[in-house]
Amino acid sequence: MAIPCVPSISSPCAAKFPATNSMAVVGLLPHLPKTHIPTALCKFNLAFSFSCRPLTITRKPLRNSFQVRSVAAPAEAVAGFDDMVSGVQRKYYMLGGKGGVGKTSCAASLAVKFANNGHPTLVVSTDPAHSLSDSFAQDLTGGTLVPVEGLDSPLFALELNPEKAREEFRNVSQTNGGAGVKDLMDGMGLGMLVEQLGELKLGELLDTPPPGLDEAIAISKVMQFLESPEYSMFTRIIFDTAPTGHTLRLLSLPDFLDASIGKILKLKQKLASATSAIKSVFGQGETRQDAADKLERLRERMVKVRELFRDTDSTEFVIVTIPTVMAVSESSRLRASLKKENVPVKRLVVNQVLPPSASDCKFCAMKRKDQMRALDMIQNDAELSNLTLIQAPLVDVEIRGVPALKFLGDIVWK
Ligand SMILES: Nc1ncnc2c1ncn2[C@@H]1O[C@H](COP(=O)(O)OP(=O)(O)OP(=O)(O)O)[C@@H](O)[C@H]1O
C-alpha cells in the first residue's frame, strides 16, 4: 500500500494511517493527551517506513499491531544484537558521540532491550548534563541506584553527581597538597620537591579541574560500586557518556592521574621525615595515612578504569552520530582517537535518519539528500567504513518512558 506524505503541524512530512488497532500501542505514549493518540500512532508507525519504494503493512499479533515494511528494501545493516546479548559474563557498553545526537536515547533503549532479554542491567549517566531521568521519565537523580519499572529483568539506573564526585576528589587532593604546599616548600628551599609539585600541576587541577575529570571519577565510582558483592548480579552495564570532547580527554586522564597520584604518594614518603612545619601542612599521623590510603585507592581505581576501556573481551565503545557532515567528521575523529588509545569500537549508530516516503515535500527531499551525502561520507571514511552501521530513524514524537524506549530499542538493536 502506498503511503502519501502530507504536511502536519509537528513535522513537514507525515504518513497517514487508518487509526485502527490504536489501543495496541497506546501504551507507548503515556505522556500524550488521549486526543493526540491517533496522530501520534501514525507518526510512530512512520518510523518503520524506511524506503522511498512502495510500502506494505503487515498485521502482527504482537504489541505493535502492525508493521510497515518497504518492498524490496535495501539490505539493512543490523546491530548484531545476538552477539551483544549472548553470554552471562559481564559486558560494558559505552555510548558516546557529539552533543545531542541521541546518546542517552540509544543507551536507555539498549538497557531496556538487555533487561527484557534476561540481563540484570545497570545504565549509568556520567554526562554532567544528565538526561537519563528525562529519557526514562523517572527521577533518577540522587547518586544512588534506582530501579526502573516495567521490565522483565532488573534494570537499574544511576545518574552520578559530578559536582559531588569532584568535591570528593578536591577534599582528598587538598589534604595532600596544592598551591599552598608549593609556596611553603618553595619558601623552605626544597627546590627539588617544588619542581615535582610544579610538574603535577596540582593547583591547576584543583582550581580548574581538566574536562573529563568528573567523568573519570564518576566511572571510577561505578567501579567502586561494582567491586561490592551486592552489585555482582549485573551482567550488562551501559554508560551514557558525556559529549566527545570530554570522552577524548577522559581517555588520557587515567594515565595523567595515575602518574600524578603516584608522584604525590612518592612525595609524601619523602616528606614523612621532614620538619614539623611540613607535617602541620599535611596533617598529623592518622589523617595523613588516611589521605594516602584514599589517594592510593583512587589511583588503583583509575588504573582499573583505564584497563576497562581497553578490554576487548568485556568492553565496547559504541559511537552514536547523526547523518550530517559535521557530526560524521567528529565521529571520524573520535574513532581515530579511540583507536589510538586502543579502545575497542565495532558499531556506529546513525540516529535520526529521515524515514523516506512515497511523496516528499521540498524540505524533506532536501534534508534527505543532505543525509544521503553524510551517509555516503561514512561509507568512504577510512575510520568509520569498517564499523557495523546501524541506522535509527527519526521519529517525530519524543522518545520518553520505558514503552517508547522499548519501541526504539526494537528498531535499533536488532
Ligand atoms: N531517533 C530519534 N527520533 C526523534 N527524536 C530523537 C531521536 N533520538 C533522539 N531524539 C531526541 O533528541 C533529543 C536529544 O536526545 P538525547 O538526549 O538522547 O541526546 P544526547 O546525545 O544524549 O544529548 P546530550 O549530548 O545533550 O546528552 C531528545 O529530545 C530525544 O528525544
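This is a short dialogue on how to read a predicted model of a protein with a ligand.

Visitor: Where do I start? How many helices and strands does the protein have?

Guide: The protein has 15 helices and twelve strands. Of its 414 residues, 39% count as buried.

Visitor: What share of the contacts joins residues 24 or more positions apart?

Guide: Take the contacts with a separation of 6 or more. Residues 24 or more positions apart account for 76% of them.

Visitor: Now the sheet. How do I read the strands?

Guide: Start with the general idea. Strands of a sheet pair through backbone hydrogen bonds, either parallel or antiparallel. In this structure, eight strands form an open sheet with mixed pairing. The order is β7-β8-β6-β9-β5-β10-β11-β12.

Visitor: Which are the edge strands?

Guide: They are β7 (146–147) and β12 (388–393). Each pairs on one side only.

Visitor: In which sense do β5 and β10 pair?

Guide: Strand β5, residues 91–97, and strand β10, residues 315–321, pair in the parallel sense. Six bridges join them. Look at Y92: it stands opposite T315 in β10.

Visitor: On to helices. What is the general idea?

Guide: An α-helix has 3.6 residues a turn, so residues three or four places apart point the same way. Length can be checked too. Helix α13 covers residues 325–340, which is 16 residues. At 1.5 Å a residue it should span 22 Å. Its end C-alpha atoms are 23 Å apart, which agrees.

Visitor: Which residues of α13 are buried?

Guide: Buried in α13 are A327, V328, E330, S331, S332, L334, R335 and L338.

Visitor: How does α3 do on length and cover?

Guide: α3 has 14 residues and reaches 20 Å from its first C-alpha to its last. That is close to the 20 Å expected. The helix is mostly covered, with 13 of its 14 residues buried. G118 follows α3, and its phi is positive, near 95°.

Visitor: Which residues touch the most other members of the largest nonpolar core?

Guide: That core has 61 residues, and L95, A111, V123, I238 and V349 touch the most other members. Its largest share, eight residues, comes from helix α3, residues 103–116. Follow A111 as an example. Leaving out residues up to four places away in sequence, A111 touches T121, V123, L155 and I238.

Visitor: What about the ligand? Which residues come nearest?

Guide: Of the 18 residues around the ligand, G99, G102, K103, T104 and S105 come nearest. By class, the shell has seven nonpolar, eight polar and three charged residues.

Visitor: Which element gives the largest share of that shell?

Guide: Helix α3 does, with three residues. Both α3 and β11 (345–353) supply at least two residues each. So α3 appears twice in our tour: it gives the largest share of the core and the largest share of the shell.

Visitor: Last, the backbone angles. Which residue after α13 has a positive phi?

Guide: N342, with phi near 60°. This is a positive value in a residue other than glycine. N342 is found in the loop between α13 and β11.

Visitor: Is N342 buried or exposed?

Guide: N342 counts as exposed, because it has 11 C-beta neighbours inside 10 Å. The cut-off for exposed is 12 or fewer.

Visitor: Where is A137?

Guide: A137 is in the loop between α4 (132–136) and β7. Its phi is positive, about 55°, although A137 is not a glycine. A137 counts as partly exposed, because it has 16 C-beta neighbours inside 10 Å.

Note on methods
Residues numbered from 1 in each chain as written. Predicted model: local features only at pLDDT ≥ 70, side-chain atom pairs only at ≥ 80, totals over all residues. Helix = DSSP H or I, 4+ residues; strand = E, 2+ residues; numbered from the N terminus. Buried ≥ 20, exposed ≤ 12 C-beta atoms within 10 Å, placed from the backbone. Contact = placed C-beta atoms within 7 Å. Expected span 1.5 Å × (residues − 1). Core = buried A, V, L, I, M, F, W, Y, C linked by C-beta atoms within 7 Å. Near = placed C-beta within 6 Å. Nonpolar A, V, L, I, M, F, W, Y, C, P; charged D, E, K, R; others polar. Pairing = 2+ DSSP bridges.
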